[in-house]
Amino acid sequence: MLIDARNSALLVVDVQGRLVPAIAGWQALLDQVIWLIRVARRMEIPVLACEQYPQGLGPTHPAVAAELPTGCIAGKLHFSAVAGACHGFEQAGGPGQLVVCGMESHVCVMQTVMDLLAGGRQVFVVEEAVGSRRDSDKALALARMREAGASIVSREMVAFEWLRKADSNLFREISRNFLR
C-alpha cells in the first residue's frame, strides 16, 4: 500500500532535549525529523508529537519544537503513545495511516508502532528518522516492526507517496525546496 496524503499524519515520538545527545547519529536524525515536519506542514499533512515524561527528559528539542504546529505536543508516561492515550489513538477515527519518526527506536517508537498496528492502523516508520542509543537496538527494532506489519520507508518515499504525481505546482515546490 502507498501512503495516502488524505488519510495520514506524521507522528514525532519523543525527540526531547535531554535524550537527543545520547542517540547514535543524533544530528542527522534531528535533521531528518525536521525535514519530515517541514514537508508535512507544507503539504498540509497533520503533524502530531509526544513527549515521554517531560519532567525528567525535558521538553521537545528546541529545533524540532520550532517547526511543530502550536498545540500538537502531548505528554505521556507510558512508553507507547497509544497506551498513554496520547492524541486519542486508542479511539476509532482519525488517520488510518501514521508516518512515524523519533526516538528511541526500540522503546517508545516500537511500542507505539506495535499498538498502532494492533489498533488496525497502517504504519510507516522512516528509517533515517528514528534512532536509539545503540545501532544494534535500532536494527532489532526495525526488524521487529517490519515483522509485525509496519512498512520501513525512507523520507523521500514518504514525500513522493504524499505527492503521487509530478504535474503540479506543489510537486515543483517540494522538489525545488526539499528533494535536491
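**Reading contacts, cores and loops**

Author: Let us begin with one residue, E104, which touches L19, I23, V109, M110, G131, S132 and R133 when residues up to four places away in sequence are not counted. Please keep in mind throughout that this is a predicted model.

Reader: Is E104 buried or exposed, and how do I decide that?

Author: The decision rests on relative accessible area, and a residue is called buried when this value is under 20%. E104 counts as buried because its relative accessibility is 8%. As for its place in the chain, E104 is found in the loop between β4 and α4, the helix of residues 105–118.

Reader: What kind of peptide bond joins M103 and E104?

Author: The bond between M103 and E104 is cis, and its omega angle is about -15°.

Reader: The helix after this loop is α4, so which of the residues in α4 are buried?

Author: The buried residues in α4 are S105, C108, V109, M110, T112, V113, M114, L116 and L117. You can then ask what these side chains face, and the buried residues of α4 pack against the strands β1, β2, β3, β4 and β5, as well as against α5, which covers residues 135–148. Just after α4 comes G120, which has a positive phi near 90°.

Reader: Which residues have a positive phi although they are not glycine?

Author: One of them is Y53, whose phi is about 40°, and another is R164, whose phi is about 70°. Y53 is found in the loop between β2 and α2, the latter being residues 54–57, whereas R164 lies in the loop between α6 and α7. With a relative accessibility of 41%, Y53 counts as partly exposed, and R164 counts as partly exposed at 48%.

Reader: How does one describe two helices that pack together?

Author: Two packed helices are described by the distance between their axes and by the angle between those axes. In this model, the axes of helix α1 (residues 26–42) and helix α6 (residues 155–163) come within 11 Å and cross at roughly 5°. Since angles under 35 degrees count as roughly parallel, α1 is therefore roughly parallel to α6.

Reader: Which residues make the contact between α1 and α6?

Author: From α1 the contact uses Q32, W35, L36, V39 and A40, and from α6 it uses R155, E156, V158, A159 and W162. Sorted by class, this contact of α1 with α6 has seven nonpolar, one polar and two charged residues. If you now look at α6 on its own, you will find that R155, V158, A159, E161, W162 and L163 are buried. These buried residues of α6 pack against β1, α1, β4, β5, β6 (residues 151–153) and α7.

Reader: What is the idea behind a nonpolar core?

Author: In soluble globular proteins, nonpolar side chains tend to be buried together. Here the largest nonpolar core has 38 residues, and those with the most contacts inside it are L10, V12, V33, V64 and W162. At least two residues of this core come from each of β1, α1, β2, β4, β5, α6 and α7, while α1 gives the largest share, which is nine residues. Apart from this core lies another, of 24 residues, and among them are C50, M110, L117 and L142.

Reader: What is V12 in contact with, leaving aside its neighbours within four places in sequence?

Author: V12 is in contact with V33, I37, V47, L48, A49, C50, V64, L68 and C101.

Reader: Is Q16, a residue in a loop, buried or exposed?

Author: Q16, in the loop between β1 and α1, counts as buried, because its relative accessibility is 0%. A polar atom of the Q16 side chain lies 2.7 Å from the backbone nitrogen of Q52. Beyond its neighbours within four places in sequence, Q16 is in contact with E51, Q52, Y53, P54, L57, G58, P59, T60, H61 and M103.

Reader: How many residues apart along the chain are H78 and Q111, and what distance separates their C-alpha atoms?

Author: They are 33 residues apart along the chain, and their C-alpha atoms are separated by 9.4 Å. H78 lies in the loop between β3 (residues 73–76) and β4, and with a relative accessible area of 45% H78 is partly exposed.

Technical notes. Residues numbered from 1 in each chain as written. Predicted model: local features only at pLDDT ≥ 70, side-chain atom pairs only at ≥ 80, totals over all residues. Heavy atoms only, no water. Axes fitted to C-alpha atoms, helices over the stretch in contact; angles between N-to-C directions. Helix = DSSP H or I, 4+ residues; strand = E, 2+ residues; numbered from the N terminus. Parallel < 35°, antiparallel > 145°, perpendicular 65-115°, else oblique. Contact = heavy atoms within 4.5 Å. Nonpolar A, V, L, I, M, F, W, Y, C, P; charged D, E, K, R; others polar. Core = buried A, V, L, I, M, F, W, Y, C linked by side-chain atoms within 4.5 Å. Buried < 20%, exposed > 50% of the residue type's maximum accessible area, 1.4 Å probe, protein only. Polar contact = N/O pair within 3.5 Å; in protein donor to acceptor, adjacent residues only side chain to side chain.
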